[in-house]
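Could you walk me through this protein model, starting from a single side chain and working outwards? I would like to see how the surface, the interior and the overall fold fit together.

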Amino acid sequence: MIETITTDIYRIFIEPISRAIYNVFIVHDRWAQWLSGLEMTLSVTFFALLLGLGIGLFISIIRVSHDAFEKPNIMLRLLNLIVKTYVSVVRGIPMVVQLAIWAFIVFAGSRNQLLTGIVAFGINSGAYVSEVFRGGISSIDKGQMEAGRSLGLSYPQTMFKIILPQAVKNCLPALGNEFIALLKETSIAGFVAISELTHVGNVIRGITFNPAPMVFVALIYLILVLFLEFLVRKMENKLSQSDRRSGKMVQRLKRKRLVKND
């Protein structure tokens, strides 16, 4: 009886899975294609994130600075108009359409798939990151800026030394979500023949006439997302610990001053 059950389990579950793994990863060294697709996905995600962070930070500072001054100069008003238009346009057009424009029009003569993906996803991410940073900067009490200016710091010095470090802590969870969303969004890059993970899985599915490669694609993305969530939680815990240490230090300094005054 036990042997019959074991045989049935092997025949129904283990054998099909092992056969699928063999056909999808081992035959014709297809594991090399998977590694290449994973490398493309991670490269596009990482460098697009860096580009998006740079663009988003630049835009958020312009928009916050424009709103901070009662009468901004003509240059600041012009820059604010440009970046607001950029954010509206990018957020209003589907990512797959933007990707097609970059691949088939802007980079039509280029064979550099990595560059196309980085620029397309980076510029798209920059619009969303800018709103994350703008919200984080706006959450900082206005007294922080006034305190920095009263100490003799210029507006840029106060922004970069006092406001932004606090804003980044507030933005970290939202930035982590944006990073995860960007990673998953790269799965549409195969639409323009960029050989990322999903594209490789779809090609192997077409060769083997087996849907199993798409299941493996889903599992790989799930593992990557869980790993990123783990890293974001680690960073949040470290930042909260540093905040608690800073608070304890301030309390000790206050107690020392009270003792001296007594």
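Isoleucine 101 is partly exposed, because its relative accessible area of 36% lies between the 20% limit for buried and the 50% limit for exposed. In this predicted model, the residue sits in helix α4. Which nonpolar patch does Ile101 help to make? Together with Val89, Ile93, Val96, Val97, Phe104, Ile105, Val106 and Phe191, Ile101 makes a nonpolar surface patch of about 780 Å². Helix α4 supplies the largest share of that patch, namely six residues.

Let us now turn from the surface to the interior. The largest nonpolar core has 19 residues, and the members that touch the most others are Leu99, Trp102 and Phe121. Three elements give two or more residues each to this core: α2 (30-68), α4 (95-106) and α5 (113-138). Of these, α5 provides the largest share, with five residues. Helix α4 therefore appears in both settings, as a contributor to the core and as the source of the largest share of the nonpolar patch, where a core residue must be under 20% relative accessible area and a patch residue over 30%.

Trp102 deserves a look of its own. Leaving out residues up to four places away in sequence, Trp102 touches Phe107, Thr116, Val119, Ala120 and Ile123. There is also a second, separate core, this one of 16 residues, including Leu197, Ile204, Phe216 and Tyr221.

Next comes a residue on another helix. Is histidine 66 buried or exposed? Histidine 66, found in helix α2, is buried, because its relative accessible area is 19% and the limit is under 20%. If you select His66 in your viewer and leave out residues up to four places away in sequence, you will find it touching Pro72, Leu76, Arg77 and Asn80.

Finally, step back to the whole chain. It has nine helices and zero strands, so read from the N terminus on, the order of elements is α-α-α-α-α-α-α-α-α, where helices and strands are DSSP runs. Of the 262 residues in the protein chain, 35% are buried. Taking contacts between residues at least 6 apart in sequence, 73% join residues at least 24 apart. The accessible surface of the chain comes to about 16300 Å², and carbon and sulfur atoms account for 65% of it.

Methods. Residues are numbered from 1 along each chain as its sequence is written. This is a predicted model: local features need pLDDT of at least 70, side-chain atom pairs count only at pLDDT 80 or more; totals for chains, interfaces and linings use all residues. Side-chain values use heavy atoms; hydrogens and water are left out. A nonpolar core is a set of buried Ala, Val, Leu, Ile, Met, Phe, Trp, Tyr and Cys residues joined through side-chain atoms within 4.5 Å. Buried means under 20% relative accessible area, exposed over 50%, partly exposed in between (1.4 Å probe, protein chains only). Helices (H or I, at least four residues) and strands (E, at least two) are DSSP runs, numbered from the N terminus. Contact means heavy atoms within 4.5 Å. Patches are made of residues with over 30% relative accessible area and no salt bridge: like charges are joined within 9 Å, nonpolar side chains (Val, Leu, Ile, Met, Phe, Trp, Tyr) within 5 Å. Accessible areas come from the Shrake-Rupley method with a 1.4 Å probe; for residues, only the protein chains shown count as cover. A salt bridge is a side-chain nitrogen of Lys or Arg within 4 Å of a carboxyl oxygen of Asp or Glu.
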